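Here is a walk through a protein chain for someone meeting it for the first time. Take a look at the structure, and then we'll go through it piece by piece.

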Amino acid sequence: MVPTSADGKGPRTALAIGLGLLLVAGLGTGGWFLWGRGGNDPARHSRPPAKAVDAKLDWMAPVPDADKGSADEIARPWFTDKNVIVRSSKAVTAYSIATGKPGWTLPVPGFACTSSPQQENGIAAVVYGKEEFACDLVMAVDLEHGRMLWTKELTDSKGRKDSHHTANISLVQGTLTLADGVEPRVYNARTGERLTPHDYGCRTAGSVAGPSGAEQLTVAQCGIYGRSFVMSVDPKTGQEKWTWKLLDGLEAHNILSVDPAVVTVARKDDSDPTDVVVLDDNGRLRSLISASAGPYEFGDCTRRLDSCRSTVVDGDTLYLATINGKKETDGVYANAIAAIDLATGKPRWTTALAGNRRYRPVTMHEGRLLVYQEASKDEAGKLLSLDPDNGSSAVFMNLPQESADEEYKIGRLGTVYFRNGRFYVVSQIGMTDRTMMMSFH
């Protein structure tokens, strides 16, 4: 019998040993990989912290009336130069970045199920159905003009329709791909022309492209319960650069970064990742980070590959929030932020910051890590700026006290974004909050 960890979550020892053996095997020749590019990450250049800004609440957008009785998740917003665009269960709506007022609204002709986490060249995709939970149609949305470019039935090569509510959706190099372990549906993103998917010899579970669109990681699985693979793929041609095989019984849960390749893995059918795997430019296992070592927070990660919103990868460093099971007097689970060296899998530093608050990484800004200090029932939140070399912090943005209560309500379970000097707090569940989105500047 395989030994089980004390928390009852399964064969941690066997997993660590197995992946450790892969790490050793990857150092030799003739391993489970093909080829890749070389190169080293540039050195980090941290800037001194900027003077703290006392931000003001620019606007609040309410939950649309049609979504107030719905428990559906509010999708990740898309950002353009003038608008922040949100897909709810009934419509796609553009809100002015300057005023928060709705501009255009494109009704979903049915019930929205899921949508592309990213856009490309002003195009995004929404999966929907005429009936709730049908999820057998897809439409492309022109985010600049608020119009539907085209809509198609999601059929296989034999004309059969089925549901795709869990599909991983990617938009890269003008191609829209929906994949969820069955035959991928591939379209020209602008015209809707049906394209032939690339045949990798196994079922494609999904792909994630890097920010530039020049790099892509694709996850595939051979057989219903067979071995899973992570492949580096040329987005233009679909050709594999290298392939990494996971151990039997494991699967890739999420892709935290495409370049460098950083992937969370877990036992099949397990909801929580057990490890973070870092692959080098040739597809060799470079380092292994145990999720239980922090333990590190992956609670906002769903089974979709590009869903983790509270992790940041910059160069050779992965920034994660830790988990703390001790509840403070105001109901907050205070935690810390850790910087992990991707070359070794070891923490460079871990900082608890100040106060009994929950923190989460947001993004890199001017060479420093921005971290959101969540609001409490009595105190507004903050954006902190952390030095990537040692974790020392400075206040970057003080959020206003007069909106602290609303910020607390939607921020603790919602998502946060920093774009072009503005900080956004977005609710995730329509029926639980009256406010859908807040903007600060």
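A residue is called buried when its relative accessible area is under 20%, exposed when that area is over 50%, and partly exposed in between. Arg360, with a relative accessible area of 6%, is therefore buried. Keep that cut-off in mind, and keep in mind too that this is a predicted model.

**The chain as a whole**

There are 441 residues in the chain, and 53% of them are buried. Strands are what you'll mostly be looking at: the chain has 33 of them, along with two helices. Among contacts with a separation of 6 or more, 48% are between residues 24 or more positions apart. The accessible surface of the chain is about 19,800 Å², and carbon and sulfur atoms hold 51% of that.

**A sheet of four strands**

Let's zoom in on one open sheet. Four strands make it up, in the order E19-E20-E21-E22, and their pairing is antiparallel. At the edges sit E19 (250-257) and E22 (285-290), each of which pairs on one side only. Going from one strand to the next, the twist averages 30 degrees.

Strand E21 covers residues 275-279, and five bridges join it to E22. E21 also pairs with E20 over five bridges, again in the antiparallel sense. Val277 is a handy landmark here. It stands opposite Val263 of E20, and its bridge partner in E22 is Leu288. Further along E21, Leu279 stands opposite Leu285 of E22.

Between E21 and E22 there is a hairpin with five residues between the strands, and Gly283 takes a positive phi there, near 80 degrees.

How many of the five residues of E21 are buried? Five of the five are, so to speak, under cover. In a regular strand, side chains alternate between the two faces of the sheet. E21 shows two such sets: Asp275, Val277 and Leu279 point one way, while Val276 and Val278 point the other way.

**Two nonpolar cores**

In soluble globular proteins, nonpolar side chains tend to be buried together. The largest nonpolar core in this chain has 19 residues, and those that touch the most other members are Leu217, Val230, Trp242, Trp244, Ile255, Val263 and Leu279. Strands E16 (216-221), E18 (240-245), E19, E20 (261-267) and E21 each give two or more residues to this core.

Val263 is worth a closer look. Apart from neighbours within four places in sequence, its contacts include Leu217, Val230, Ala252 and Ile255. Val263 also touches Asp275, Val276 and Val277.

A second core, separate from the one above, has 17 residues, including Val362, Leu370, Leu383 and Ala404.

**Salt bridges**

Side chains of opposite charge can pair when their charged atoms come close. Searching the whole structure turns up 18 salt bridges. Three of them are listed here, with the distance between the closest N and O atoms.

| Salt bridge | N to O distance |
|---|---|
| Arg348 and Asp341 | 3.5 Å |
| Glu374 and Arg360 | 3.0 Å |
| Lys409 and Asp405 | 3.3 Å |

How do the partners sit with respect to the surface, and where are they in the chain? Arg348 is partly exposed at 32% relative accessibility, whereas Asp341 is buried at 15%.

In the bridge of Glu374 with Arg360, Glu374 is buried at 6% relative accessibility, and Arg360 is buried with a relative accessible area of 6%. This pair links distant parts of the chain, 14 residues apart: Glu374 is in the loop between E28 (368-373) and E29 (382-386), and Arg360 is in E27 (residues 359-365).

Lys409 and Asp405 are both in helix H2 (residues 404-411); because they are four residues apart, about one helical turn separates them. Lys409 is partly exposed, with a relative accessible area of 36%, and Asp405 is partly exposed at 39%. Elsewhere, Asp136, Glu153 and Lys161 are joined into one network by salt bridges that share partners.

**One loop residue**

Is Asn121 buried or exposed? At 66% relative accessibility, Asn121 counts as exposed. Asn121 lies in the loop between E7 (111-115) and E8 (123-129). Its C-alpha atom is separated by 9.1 Å from that of Asp142, which is 21 residues away along the chain.

Notes. Residues numbered from 1 in each chain as written. Predicted model: local features only at pLDDT ≥ 70, side-chain atom pairs only at ≥ 80, totals over all residues. Heavy atoms only, no water. Pairing = 2+ DSSP bridges. Axes fitted to C-alpha atoms, helices over the stretch in contact; angles between N-to-C directions. Salt bridge = Lys/Arg side-chain N within 4 Å of Asp/Glu carboxyl O. Buried < 20%, exposed > 50% of the residue type's maximum accessible area, 1.4 Å probe, protein only. Core = buried A, V, L, I, M, F, W, Y, C linked by side-chain atoms within 4.5 Å. Contact = heavy atoms within 4.5 Å. Areas by Shrake-Rupley, 256 points an atom, 1.4 Å probe, with all protein chains shown as cover.
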